[in-house]
Amino acid sequence: MAQHGPKPSLNTPETRGHTTIADTVAEKIAGMATREVPGIHNLGSGMARTIGGVRERMPGGQPSITRGVHVEVGEHEAAVDLDVVVDYGYPITDVAADVRTSVIAAVERMTGLDVIEVNVAVDDVDLPGDENETEDGEHRVE
C-alpha cells in the first residue's frame, strides 16, 4: 500500500537546492530603490556620469541603472556603496537616511539577504540651471 504525504527522509522543498544572487542583480535593485528617493538627482561620480550621459545620447542608448552603485553579495549578507548627486535644497543627511531605508527595504525584501551597510557618498549637488538649457527645456545648441 502506498503512503501519501511527504517522505520522512527528504527535506522541505525550500531547503532542497541552493540559490545564488549575482552582485549585478542586487545592484539593479539598489539603483532603482535609490532613484525613487526624493532629492536624488542622479547616481555616479563625475566621470561615470559624463561617460554615461554620452552613452545615453547615442542611438539606442539607455540610462544605466547601476551607474554609481556597487554591491558585494555574500552567502547571507550584502554591502552597498552608492555615489549620488543630491538636488539643491534637500537636506543631505535626510536624503542619505531615506536612501538607506529604501535600499535596505528593497534589497532585503527581494533577495532575502541581510544588508549590513549602505554607504552613501554625495559626489555633487545639482543646482538649478546647471544643465545649460534654456528656460523652455530645449538645448541652446544642436
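Guide: Contact, as the word is used here, means heavy atoms within 4.5 Å. This is a predicted model, in which local features need a pLDDT (the predictor's confidence in each residue, from 0 to 100) of at least 70 and side-chain atom pairs count only at pLDDT 80 or more, whereas totals for chains, interfaces and linings use all residues. Residues are numbered from 1 along each chain as its sequence is written, and side-chain values use heavy atoms, with hydrogens and water left out.

Visitor: In what order do the elements of the protein chain run from the N terminus on?
Guide: Helices (H or I, at least four residues) and strands (E, at least two) are taken as DSSP runs and numbered from the N terminus. The protein chain holds three helices and four strands. Read from the N terminus on, these elements run α-β-α-β-β-α-β.

Visitor: Which element of the protein chain has the lowest mean pLDDT?
Guide: Over the protein chain the pLDDT averages 83, with 72% of the residues scoring at least 70. Over residues 132-136 the value is below 50, and this stretch has four contacts in the model beyond near neighbours in sequence. Among the elements, helix α3 (residues 92-111) has the highest mean, 98, while the lowest, 51, belongs to helix α2 (residues 46-57).

Visitor: How much of the area that the protein chain exposes is supplied by carbon and sulfur atoms?
Guide: Accessible areas come from the Shrake-Rupley method with a 1.4 Å probe, and for residues only the protein chains shown count as cover. Of the 142 residues of the protein chain, 29% count as buried, where buried means under 20% relative accessible area, exposed means over 50%, and partly exposed lies in between (1.4 Å probe, protein chains only). The protein chain exposes about 10,100 Å², and the share supplied by carbon and sulfur atoms is 51%.

Visitor: Which element gives the most residues to the largest nonpolar core?
Guide: A nonpolar core is a set of buried Ala, Val, Leu, Ile, Met, Phe, Trp, Tyr and Cys residues joined through side-chain atoms within 4.5 Å. The largest one has 24 residues, of which Val80, Leu82, Val99 and Val103 touch the most other members. Two or more residues come from each of α1, β1 (40-43), β2 (69-73), β3 (77-87), α3 and β4 (114-126). With six residues, the element that gives the most is α3.

Visitor: Which residues is Val103 in contact with, leaving aside its neighbours within four places in sequence?
Guide: In soluble globular proteins, nonpolar side chains tend to be buried together. Val103 is one of the core residues that touch the most other members. Leaving aside its neighbours within four places in sequence, Val103 is in contact with Ala30, Ala33, Thr34, Val80, Leu82 and Val118.

Visitor: Is Ala26 buried or exposed?
Guide: Ala26 has its place in helix α1, and beyond four places in sequence it touches Val71, Val73 and Val107. Because its relative accessible area is 0%, Ala26 counts as buried.

Visitor: How far from Glu27 is the nearest side chain of opposite charge?
Guide: Glu27 lies in helix α1 (residues 23-35), and beyond its neighbours within four places in sequence it is in contact with Thr66, Val69, His70 and Val71. A salt bridge is a side-chain nitrogen of Lys or Arg within 4 Å of a carboxyl oxygen of Asp or Glu; Lys and Arg count as positive and Asp and Glu as negative, with His and the chain ends not counted. Glu27 is buried yet has no salt bridge, and the nearest side chain of opposite charge, that of Lys28, lies at 8.7 Å.

Visitor: Is His76 buried or exposed?
Guide: His76 lies in the loop between β2 and β3, and, leaving aside neighbours within four places in sequence, it is in contact with Leu113 and Asp114. Because its relative accessible area is 54%, His76 counts as exposed.

Visitor: What separates the C-alpha atoms of Glu117 and Ala78 in space?
Guide: Glu117 lies in strand β4 and is partly exposed, with a relative accessible area of 38%. Not counting residues up to four places away in sequence, Glu117 touches Ala78, Ala79 and Val80. Although Glu117 and Ala78 are 39 residues apart along the chain, their C-alpha atoms are separated by 7.6 Å.
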